[in-house]
Amino acid sequence: MSNAFIAFQKNDDSRCIVEAILEDNPNAMVDDQPSMVKIDVPNRLVIKRETVEEKMGRSFDLQELQLHLITISGNLDETDDEFTLSWNS
Amino acid sequence: MDMKASKKLGLKERYALMTRDLAWNTTYQPMDKVFPQTTYEGIKIHDWDKWEDPFRLTMDAYWKYQSEKERKLYAILDGFNQNNGHLSVTDARYINVLKLFLGSTPPLELMAARGFSMMGRQMNGAGPRVACQMQAVDEYRHFQTQIHSISNYNKYYNGMDEFAHQQSRMWYLSDGKSFFDDAITAGPFEFMVAIGFAFEYVLTNILFVPFISGAAYNGDMAAMTVGFSAQSDEARHMTLGLECIKFMLEQDPDNLPIVQRWIDKWTWRGTRKLAAVGMMMDYMLPKRIMSFKEAWEMYVEENGGALFKDLARYGITIPKCFGQTIEEKEHVSHQSWIGFYMKPGATPFHTWIPTPDEMDWLSEKYPNTFDKYYRPVLEFFDAQEKAGNRFDNKTAPMNCQVCVSTMKFNEPGDPMEMCFRESIYKGEKFHTCSDHCKEIFDNEPEKYIQTFISSHQVLQGNCEPEGVDVNAPDFQPGKQILDYWKLDKRALGDFNGSEDQKNFAAWREQATKN
């Protein structure tokens with residue numbers, strides 16, 4: 001099984017996004033690197049708008065991820081509510 | 001009057017309305033005449049509407065987020081520059097990695113901008129056209145921000161100001177130039193595999209992620225903000241490349257062998273280009289975070305492996321070169337650094353022998369190769385330098401006809417033997433650095449016999465500054481090569497004893513004492 005991953009620049013917004021990912025993806029593994037953080041999840045990684053909003057305490061448009069993300073791995077699907085990266089293997 | 005506010009459109013509806021809905025099929029001329037480039041490579045497409053950008057990014061949202069990225073980036077750059085940030089990097093050796101990185105990358109970004117502008121015109125479908133146009137603007141942004149980032153360093157350090165002139169002339173910049181020249185002169189689909197897949201997915205993941213994370217660790221906020229800001233666009237670019245590959249494979253089974261050949265070719269070309277990034281990570285960052293080998297395993301072996309496994313459902317197999325790249329990950333960064341160390345009179349950045357503790361770090365990270373093959377060479381050079389005999393190879397290198405890397409890589413399975421291959425085409429002999437480059441050459445010899453290799457051309461009198469009479473009886477090819485390159489002579493030679501080294505020490509002293 002391959003890992004889907006996403007990496008963010010470290011800042012206050014991405015801290016909340018990472019918390020949301022950890023909550024919604026029980027198998028998530030966090031790799032803390034200088035000035036960035038990378039999160040791997042076997043096969044499928046999902047970011048849910050509602051959870052991010054809960055962590056941030058404000059409304060959040062998933063397209064705001066563009067501002068913080070550094071790299072991704074996996075087939076992407078983005079809707080208003082979910083940002084999903086997955087591998088078909 | 002109806003005052004009820006209309007419901008905000010969802011992402012999918014907005015994307016459909018603002019990309020495909022704004023496009024139209026031509027009627028004065030047939031579509032295949034308006035888009036003539038997308039058929040000659042043999043790729044068969046039946047329904048362009050099947051291509052959708054999974055980010056579903058529309059132009060209005062694109063401008064909004066890109067302008068926000070720019071504001072952040074320039075705020076950091078201004079703060080860094082106003083605060084004498086260049087003196088807060090780990091040590092002055094670090095500046096040399098910027099000379100290499102920021103001296104070689106902006107012209108490639110510009111080529112990518114040109115290439116994607118062409119793709120934005122040539123692709124039949126509205127989905128890929130819009131995504132390619134966005135990528136063209138991104139690449140232009142990277143080109144500009146990298147130059148803005150280097151301009152502050154250029155005020156203080158030597159050898160950074162002629163990168164645009166040197167791009168087409170300098171021996172060690174030829175490999176990157178050839179990568180983009182090869183891609184942009186291919187058809188549109190091959191270009192998408194070359195840049196969207198090999199460059200974005202294989203290369204930038206190492207250059208802009210662990211290397212830039214390392215730049216941040218070395219106190220360089222300017223390179224960090226430029227690198228991460230660029231890479232936030234690359235996530236979109238990788239997605240575009242991956243979508244293009246899936247799209248071709250889903251449209252027609254006849255596309256499979258063509259796509260497979262491109263994946264084989266460009267995975268290898270990307271690998272060769274990465275050798276220099278390896279040495280940047282292993283030798284040029286004074287504070288190291290991760291070895292090139294570890295980065296390779298994370299971003300190429302695991303991440304690339306995941307992609308190839310995913311594409312197996314279409315019949316794609318792991319690229320032929322993959323096994324060799326895994327063997328080479330323990331060698332190429334050392335071979336590159338030693339290669340550059342041996343030419344102190346021919347680069348606008350300095351080289352040096354790693355300190356004893358840095359050599360120990362390399363031994364630990366490369367337990368199978370460093371002590372056995374590379375430490376003895378570096379220690380020999382070190383002893384020679386201390387005896388006043390700093391190694392200086394004054395000959396021109398020989399370059400591979402395909403990847404234009406200097407010939408320095410080893411024979412597979414034998415690190416003590418240098419690898420050369422040759423092909424005969426129309427009675428002339430052409431050299432390549434590996435089986436994979438030879439295969440690329442043999443498949444399209446008419447293309448690669450045209451490669452401009454400056455270190456070969458110089459011998460034919462084609463690399464001289466203006467005003468030199470190449471027919472004069474006493475003409476010596478290459479005698480004025482430094483002027484042809486417009487190479488800043490203060491930037492030559494070993495780091496030890498360089499003007500940069502002295503200035504940095506003096507300025508840092510000034511910055512911390514009264």
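This is a short tour of chain A, from its overall fold to one strand and then to the side facing chain B.

The model is predicted: local features need pLDDT of at least 70, side-chain atom pairs count only at pLDDT 80 or more, and totals for chains, interfaces and linings use all residues. Residues are numbered from 1 along each chain as its sequence is written, and chains are lettered from A and ligands numbered from 1 in the order in which they are written.

**Whole chain**

Select chain A and colour by secondary structure. Three helices and seven strands appear; helices (H or I, at least four residues) and strands (E, at least two) are DSSP runs, numbered from the N terminus. Their order along the sequence is β-α-β-β-β-α-α-β-β-β. The radius of gyration of chain A is 12 Å, close to the 12 Å of the globule rule for 89 residues, so chain A is as compact as a globular protein of that length. That radius is taken over C-alpha atoms, and the rule is 2.2 Å times the number of residues to the power 0.38. Along the principal axes, the C-alpha atoms fill a box of roughly 35 × 30 × 20 Å.

Of the 89 residues in chain A, 42% are buried. A residue is buried if 20 or more other C-beta atoms lie within 10 Å of its own, exposed if 12 or fewer, and partly exposed in between, with C-beta atoms placed from the backbone.

**Strand 7**

Next select residues 82–86 of chain A, which form strand 7. Show the side chains: Phe83(A) and Leu85(A) point to one face and are buried, whereas Glu82(A), Thr84(A) and Ser86(A) point to the other and are not.

Add strand 4 (residues 44–48), which pairs with strand 7 in the antiparallel sense over five bridges; two strands pair if DSSP finds at least two bridges between them. Here Val46(A) has Thr84(A) as its bridge partner. Then add strand 6, also antiparallel to strand 7, with four bridges. Glu78(A) is bridged to Phe83(A) in strand 7. A hairpin of three residues joins strand 6 to strand 7.

**The side facing chain B**

Now show chain B. In chain A, 24 residues are in contact with 29 residues of chain B, contact being C-beta atoms, placed from the backbone, within 7 Å. Strand 1 (3–9), helix 3 (65–68), strand 5 (69–73) and strand 6 (75–78) of chain A each supply at least two residues of this side. Strand 5 gives the most, with five residues.

Colour this side by residue type: nine are nonpolar, 12 polar and three charged. Ala, Val, Leu, Ile, Met, Phe, Trp, Tyr, Cys and Pro count as nonpolar, Asp, Glu, Lys and Arg as charged, and the others, Gly among them, as polar.

Methods: Contact = placed C-beta atoms within 7 Å.
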